[in-house]
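The following exercises train the reading of a protein model. Please study the sequence and the structure, attempt each task, and then compare your reasoning with the worked solution.

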Amino acid sequence: MTLGRFLQLVEIKTKVASMIPFLMGTFYALYRFHAFNGIHFMLMLVSLLSFDMATTAINNYYDYKKAIKTEGYGYETHNPIVKYGMRERTVVGIIAVLLILAVGAGILLVAETGWLIFFIGGLSFCVGILYSFGPIPISRMPLGELFSGLFMGFVILFLSTYIHVPGSELVELAFDHGIAHLNIQILEVLLLFGVSIPAVLAIANIMLANNICDMEDDVENRRYTLPVYIGKRNALRLFRWIYYSAYLDVFVLFYLGVHPILLLLLLGTLIPVNRHVNQFEKLQTKKDTFVLAVKNFVIMNASRIVVYGIAIWMA
């Protein structure tokens, strides 16, 4: 298998949805706690990226195996396994290697940071697998937006902050004679959730946009996603208001001491985001407008990384 085909199998362009929250958490740790650990950063990067690629490959493989409608809507071209005639054995082997890399780097990270990473990371692994695999995958239910938003938007950002800071400053899990002691700095966790809002909601909207574009095909293939339940009109309304709600984090950033001028720059991103929402409401297709949801995610969250960087430099 060529590198190009591998990158299409794992849909490398979509990895921005996990890498940006990862970087946001790192920059937040630098801004809020003045902390950075290079070894922990690299271990989580390898584990996260490998697992994200593995789950995408699993999703493509599962769609390939379970597809009921196999012609008439680009089936021969939209799935890379079909498009390039990939051997099942090769695809399964790639998935296995990626999972081994993810688990291996994850175990090393647990050894470096403690059991909290094991439990939260393990839960994330389970959700990631169940998202694409199993009797009723999460992606085939009206819960995909919720799970993808929370786990990719908040959990990734939380973990990528936690690996850099002493546990006592955020969350600390310790065992003493078989008894677990969990100490949570509630205000810090709430603040962390607040700054994750744009990542959580923008990722949820990527999933929502994907499901809106695929509504007819999903019904044919028995994928009962959220838009199938609430209808396209309500789904488009939800799509718009999710973006507006994503700017609630500005209040949290103000509390944290980010300069008001920088916050005004963040609010300025509403202009291109709103323009993309208007375009998507007029036409909903994978080929033409789905990418607008991805662009909005990048605009909203990459701008926050820039703001953190400037705030760190100004401090």
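**Exercise 1.** Determine which side chain is joined to that of Asn60 by a polar contact, and state whether Asn60 is buried or exposed.

Solution.
Step 1. The side chains of Asn60 and Glu11 are joined by a polar contact of 3.2 Å. A polar contact is a pair of N or O atoms within 3.5 Å; within protein, one must be able to donate a hydrogen and the other to accept it, and residues adjacent in sequence count only if both atoms are side-chain atoms. The model is a predicted one, in which local features need pLDDT of at least 70 and side-chain atom pairs count only at pLDDT 80 or more, while totals for chains, interfaces and linings use all residues. Residues are numbered from 1 along each chain as its sequence is written, and side-chain values use heavy atoms, with hydrogens and water left out.
Step 2. Asn60 belongs to helix α3 (residues 38-66). Helices (H or I, at least four residues) and strands (E, at least two) are DSSP runs, numbered from the N terminus.
Step 3. Asn60 is buried because its relative accessible area is 5%. Buried means under 20% relative accessible area, exposed over 50%, and partly exposed in between (1.4 Å probe, protein chains only).
Step 4. Not counting residues up to four places away in sequence, Asn60 touches Gln8, Leu9, Glu11, Asn79, Pro80 and Ile81. Here, contact means heavy atoms within 4.5 Å.

**Exercise 2.** Describe the backbone and the surroundings of Glu11, and then do likewise for His34.

Solution.
Step 1. Glu11 is placed in the loop between α1 (3-9) and α2. Its phi is positive, about 50 degrees, although Glu11 is not a glycine.
Step 2. Most residues other than glycine have a negative phi.
Step 3. Glu11 has 30% relative accessibility and therefore counts as partly exposed.
Step 4. His34 lies in the loop between α2 and α3 and has a positive phi of about 55 degrees, although it is not a glycine. With a relative accessibility of 65%, His34 counts as exposed.

**Exercise 3.** Which residues are in contact with Glu112, apart from its neighbours within four places in sequence?

Solution.
Step 1. Glu112 is found in helix α6 (residues 88-113). Its relative accessibility is 46%, so Glu112 counts as partly exposed.
Step 2. Leaving aside neighbours within four places in sequence, the contacts of Glu112 are His40 and Leu43.
Step 3. With His40 there is a polar contact between the two side chains, at 3.1 Å.

**Exercise 4.** Identify the buried and exposed residues of helix α13, and explain where the buried ones lie around the axis.

Solution.
Step 1. In α13 (residues 249-256), the buried residues are Asp249, Val250, Val252, Leu253 and Leu256.
Step 2. These buried residues lie on the same side of α13 because they cover an arc of only 160 degrees around the axis. The arc is that of the directions from the helix axis to the C-beta atoms.
Step 3. On the face turned away from the buried side of α13 are the exposed residues Phe251, Phe254 and Tyr255.
Step 4. The buried residues of α13 pack against α2 (16-33), α9 (186-213), α14 (260-268) and α16 (291-314).
Step 5. Gly257, with a positive phi near 100 degrees, follows α13.

**Exercise 5.** Apply the procedure to helix α14: which residues are buried?

Solution.
Step 1. Leu262, Leu263 and Leu266 are the buried residues of α14.
Step 2. They are on the same side of α14, because their arc around the axis is only 100 degrees.
Step 3. The face of α14 turned away from its buried side carries exposed Ile261, Leu264 and Leu265.
Step 4. The packing partners of the buried residues of α14 are α13, α15 (270-282) and α16.

**Exercise 6.** In which sense do strands β1 and β2 pair?

Solution.
Step 1. Strand β1 (residues 171-176) and strand β2 (residues 179-184) pair in the antiparallel sense, over six bridges. Two strands pair if DSSP finds at least two bridges between them.
Step 2. Ala174 stands opposite His181 in β2.
Step 3. The two strands form a hairpin with two residues between them, and His177 in the turn has a positive phi of about 55 degrees.
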